[in-house]
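I opened this notebook to record what I looked up in one structure. The entries follow the order in which I consulted it.

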Amino acid sequence: MNPYTFKIPQTVEFGVGALAKLPSILDELGSEHVFLVSDRMLESIGVVGKVTSIVERAGIDCTCFLEVEPNPTVAIVETAAEAYAASGATSIIALGGGSPMDVAKAVGVLATFGGNITDYEGANKIPDRILPLIAIPTTAGTGSEATASAVITDVERNYKFSVVSYNILPAYALLDPELIMTAPAGVAASCGVDAFIHAMEAYVSRNASPFTDAVAEKAMQLIGANIRRFVACRQDAEAASAMMVGSNLAGIAFAWARLGNIHAMSHPVSAYFHVAHGVANAVLMPTVVEYNALADNGRYRVIFDAIRGCNDPIERFEPSMLVDELRRLNADLGLPASLSEVGVTEDTFEAMAEDAMKSVNVPANPRQTTKRDIIALYKKAL
Ligand SMILES: [Zn+2]
């Protein structure tokens, strides 16, 4: 058993309509002016307006920064940090999927400690808690509201780097399932599979502990039993609630146990070929799970039962049954089956594998992995 530390220095508020608690949270923080980080897509479907009207009706000022795009860059972080400094706000709302959360965390770092975000690349470079952040996820999801990392793209290096420190964990996570009920089916599918992968990679991680196991198992059960139902009908409040809580628990699990080769390999796929994070992970999932089967340590059976949404007795379990089940999940949800289907080509595999090996998730992967292994896995997934 691994030695472990475990803490969640965060208040989690969950419930259908939980958004209404926003004014009392800002009141608790003594914040009369909040800076909201989100994107134009969420503005266009009225989600940003829903949040700002709740805040403004309570007599609290709100400055919006809505220029966040997928795979946010160093330049966007700088622009957002300047806008924050000019606003006079004293707290930040991060509204969205992973990208607004990443930008909001990075702005929190720069607003509190100054400098450039690249100064904080890597683990534990943030000296103390950043200013209060209220994370409101609109996908289920990245789990980013519960994680201690921000992933930023450095365009010059064509590289996604992470800023990892428990000091950037949002002070509040506000989980309102109503916010994911308007998601398109494709987004619900790729984000839902990504959340399942967070729990699964944390569960088989070499850094797993009994705490992260408990949280990851519950996350896999909630997501496994509800992902098909939720993608089929996002208005299903019970399924949406299960997905939102499952995604949050998966985020808590991987914040401590880290991830594995799926995430290590998917970041270069997104950086080089602009494939959405959840889609890149879903495509890589069966190939990496098959590779890791040698190191399954009896855990694949638990994952298999979770993703089937039941534990009806089966005669004999083989790890390949989990691989087949995950392929079936992708197919049922309309997700692509190969890297070539999403436009990936072989010529950059060498450089991509180089980048993947820099990830903190490779050492956490249950089966030891070399650069040569990563290239072979990319080829297999092609
Ligand atoms: Zn992910």
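The entries below concern a predicted model.

**Entry 1: the metal site**

I began with the zinc ion and listed its donors. The zinc ion is coordinated by Asp194, which appears twice through OD atoms, and by NE2 of His198, His263 and His277. The distances run from 2.1 to 2.7 Å. I then wrote the donor residues as a sequence pattern and obtained D-x3-H-x64-H-x13-H. I noted that His198 belongs to helix α6 (residues 185-204) and His277 to helix α10 (residues 277-292), so this pair ties together parts that are 79 residues apart in sequence.

I next asked whether His198 is buried or exposed. I found a relative accessibility of 2% for His198, which counts as buried. For His277 I found 21%, and I recorded His277 as partly exposed, because the limit for buried is under 20%.

**Entry 2: the sheet**

I traced an open sheet of 6 strands and read its order as β1-β9-β6-β4-β2-β3, with parallel pairing. Strands β1 (11-14) and β3 (61-65) form the edges, each pairing on one side only. I noted an average turn of 20° between neighbouring strands of this sheet, direction ignored.

Within the sheet I examined strand β6 (residues 133-137) and strand β9 (residues 172-175), which pair in the parallel sense over 2 bridges. Here Ile134 stands opposite Tyr172 in β9. I then looked at helix α5 (residues 98-113), which packs on the sheet and touches β2 (33-37), β4 (91-96) and β6. The direction of helix α5 makes about 165° with that of β4.

**Entry 3: Thr52**

I located Thr52 in helix α3 (residues 47-57). Its relative accessibility is 11%, so I entered Thr52 as buried. Which residues does Thr52 touch, not counting residues up to four places away in sequence? I found Leu36, Cys62 and Cys64.

**Entry 4: helix α13**

I turned to helix α13 (residues 349-357) and listed its buried residues: Phe349, Met352, Ala353, Asp355 and Ala356. Seen down the axis of α13, these buried residues fall within an arc of 160°, so I recorded them as lining one face of the helix. I then checked what the buried residues of α13 pack against, and I noted β8 (159-164), α9 (261-273) and α14 (371-381).

Conventions. Residues are numbered from 1 along each chain as its sequence is written. This is a predicted model: local features need pLDDT of at least 70, side-chain atom pairs count only at pLDDT 80 or more; totals for chains, interfaces and linings use all residues. Side-chain values use heavy atoms; hydrogens and water are left out. Donors are N, O and S atoms within 2.8 Å of the metal (3.2 Å for Na, K and Ca); water is not among the atoms, so sites may look incomplete. Helices (H or I, at least four residues) and strands (E, at least two) are DSSP runs, numbered from the N terminus. Buried means under 20% relative accessible area, exposed over 50%, partly exposed in between (1.4 Å probe, protein chains only). Two strands pair if DSSP finds at least two bridges between them. Axes are lines fitted to C-alpha atoms, for helices over the stretch in contact, and angles run from 0 to 180 degrees between N-to-C directions. Contact means heavy atoms within 4.5 Å. The arc is that of the directions from the helix axis to the C-beta atoms.
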